[in-house]
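The following note is offered to a colleague who is beginning to read protein structures. Please keep the sequence and the structure in view while working through the numbered points.

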Amino acid sequence: MAIQRIERKEYLDKLIAFRDKKIIKVVTGVRRCGKSTIMETYQDYLREQGVTGEQIIAINLEDYDFYELRDPKKLHTYVKERLKENIMTYVFLDEIQHCEDFAGVIDSLHIKKNVDLYITSSNAYMLSYEIATLIAGRYVEIKMLPLSFKEYVGSTGNNSELARKYTSYIENSSFPYALELSGQPRELKDYLDGIYNTIVVKDISVRHKFSDTMMLESIARFVFDNIGNPLSTKKIADTMTSDGRKIDVKTVEKYLRALMESYIIYQAKRYNVKGKQYLKTLEKYYVVDIGMRYMLLGSRSTDVGHILENVVYLELLRRGYDVFVGKVDELAVDFVAMEPKKTIYYQVAASVRDETTLKRELTPLQKITDHYPKIILTLDEDPEADYEGIRRINVLDWLIGTIE
């Protein structure tokens, strides 16, 4: 497969839209999803617009050359000494969580005149309650994910053979650099293993001082193996205990929170559609990259339906929705996708050509009495159909945007 350079236009456009506005631009997302690259692309854009090199201060706190700037006073002094008078200075602080008391540095730089501030982080701790409160109303979060299926297909140069490319997309990973390792399965496995271990060992175990890294990995593997299944912390604790690894519910909660903070897993809470209530139990979990799931669990875990569900969940996040798992009486709707003035209900299935399966997917949607759109997404390569207002469409066409 010939690979072309991917322009992450969606994210670049967001950065451009907030240029020179007195607001901190915070780009968050899992390690290696492309945060540093999009910052470099944006800096190239600024230079094309006439911004000089002296107006750009770019610091990557994972680069050993900048190691001493993890000290907040040194970081603040370094940036302050390079600010320009009476002209905008663009400040980029990559992986800011490595600096102690970074919130104070950010706050101080933000209030200075003619400073346009951009920061990235691979950990949601950076926007924990205390820090978000300190910079409340003065930042915008740009949530970054690995490549979408549309971006992946775009890298191949055309929209042909979508089914084959979808298989490649989920098996070979959506991390951008994985494209460079196409056709090199051993190198790809090592690359994904490196990301996973850096997150679990370095980012989570060390920062949270978790002594039982093996238990953390066991919980991560359990969640990866159960994407799309309703889970409770009690169920996870009971499963670990029955396997001879005793753990209590509070510790499971702590480990899950840490995994979510590192953007390696995502939690979809439940929503009672008829009662318009958010529910507190039996959430579902999805993983940031299906290729990493294959790396951890092997090809035995080829649950086509739940893998597709995972891909759709991440795509809905990319499109800016708040995404919940729906409950209608005792039935489930895969996703309730919400915006302030818009809601869409989705069912996701590998195939609905079987009449029994089709009926199972239609029934929960038919029980919803409001007039918001209701859609069934499927891998079936059939013409679009309509069942009394419920649309059935091909999910691959929906993923690449040829069908809304």
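**Cavities, a buried serine and an open sheet**

1. By class, the residues that line the second largest cavity are 3 nonpolar and 3 polar, with no charged residues. This lining is made up of Tyr152, Asn172, Ser173, Ala178, Leu179 and Ser182. The volume of the second largest cavity is about 50 Å³. It should be kept in mind that the model is predicted.

2. How many cavities of 30 Å³ or more does the structure hold? There are 2. The largest cavity contains about 90 Å³ of space. Its lining divides into 6 nonpolar, 4 polar and 2 charged residues.

3. Which helix supplies the largest share of the lining of the largest cavity? Helix H13 does, with 4 residues. At least two lining residues come from each of H7, helix H12 (290–297) and helix H13 (304–318). Among the lining residues are Tyr169, Ile170, Asn310, Val311, Leu314 and Arg318.

4. Ser174 also belongs to the lining of the largest cavity. It is located in the loop between helix H7 (162–172) and helix H8 (185–208). Is Ser174 buried or exposed? Its relative accessible area is 4%, which is under the 20% limit, and Ser174 therefore counts as buried. Leaving aside residues up to four places away in sequence, Ser174 touches Pro146, Leu147, Tyr169, Val288 and Asp289.

5. The sheet deserves separate attention. It is an open sheet of 8 strands with mixed pairing, in the order E7-E6-E8-E9-E10-E11-E13-E12. Strand E7 (277–287) and strand E12 (385–387) are the edge strands, each pairing on one side only. On average, neighbouring strands of this sheet are turned by 30° against each other, direction ignored.

6. At the E7 edge, strand E6 (residues 265–272) pairs with E7 in the antiparallel sense over 7 bridges. Here Gln267 stands opposite Tyr285 in E7. Helix H11 (residues 249–261) lies across E6 and E7 and runs at about 110° to E6.

7. Further along the sheet, strand E8 (residues 322–328) pairs with strand E9 (residues 331–339) through 6 bridges, in the antiparallel sense. Phe324 has Val336 in E9 as its bridge partner. The hairpin of E8 and E9 has 2 residues between the strands, and Asp329 in this hairpin takes a positive phi near 55°.

8. E9 is also joined to strand E10 (residues 342–349) by 5 bridges, and these strands run antiparallel. The bridge partner of Ala337 in E10 is Ile344. A hairpin through 2 residues connects E9 to E10.

Notes:
Residues are numbered from 1 along each chain as its sequence is written. This is a predicted model: local features need pLDDT of at least 70, side-chain atom pairs count only at pLDDT 80 or more; totals for chains, interfaces and linings use all residues. Side-chain values use heavy atoms; hydrogens and water are left out. Two strands pair if DSSP finds at least two bridges between them. Axes are lines fitted to C-alpha atoms, for helices over the stretch in contact, and angles run from 0 to 180 degrees between N-to-C directions. Contact means heavy atoms within 4.5 Å. Buried means under 20% relative accessible area, exposed over 50%, partly exposed in between (1.4 Å probe, protein chains only). On a 1 Å grid over the protein atoms alone, a cavity is a set of points where a 1.4 Å probe fits but cannot get out, and a pocket is an open set with protein on both sides within 12 Å along at least five of seven lines; lining residues have an atom within 4 Å of a point. Grid points are joined across faces, edges and corners, and a volume is the space filled by probe spheres set on the points. Ala, Val, Leu, Ile, Met, Phe, Trp, Tyr, Cys and Pro count as nonpolar, Asp, Glu, Lys and Arg as charged, and the others, Gly among them, as polar.
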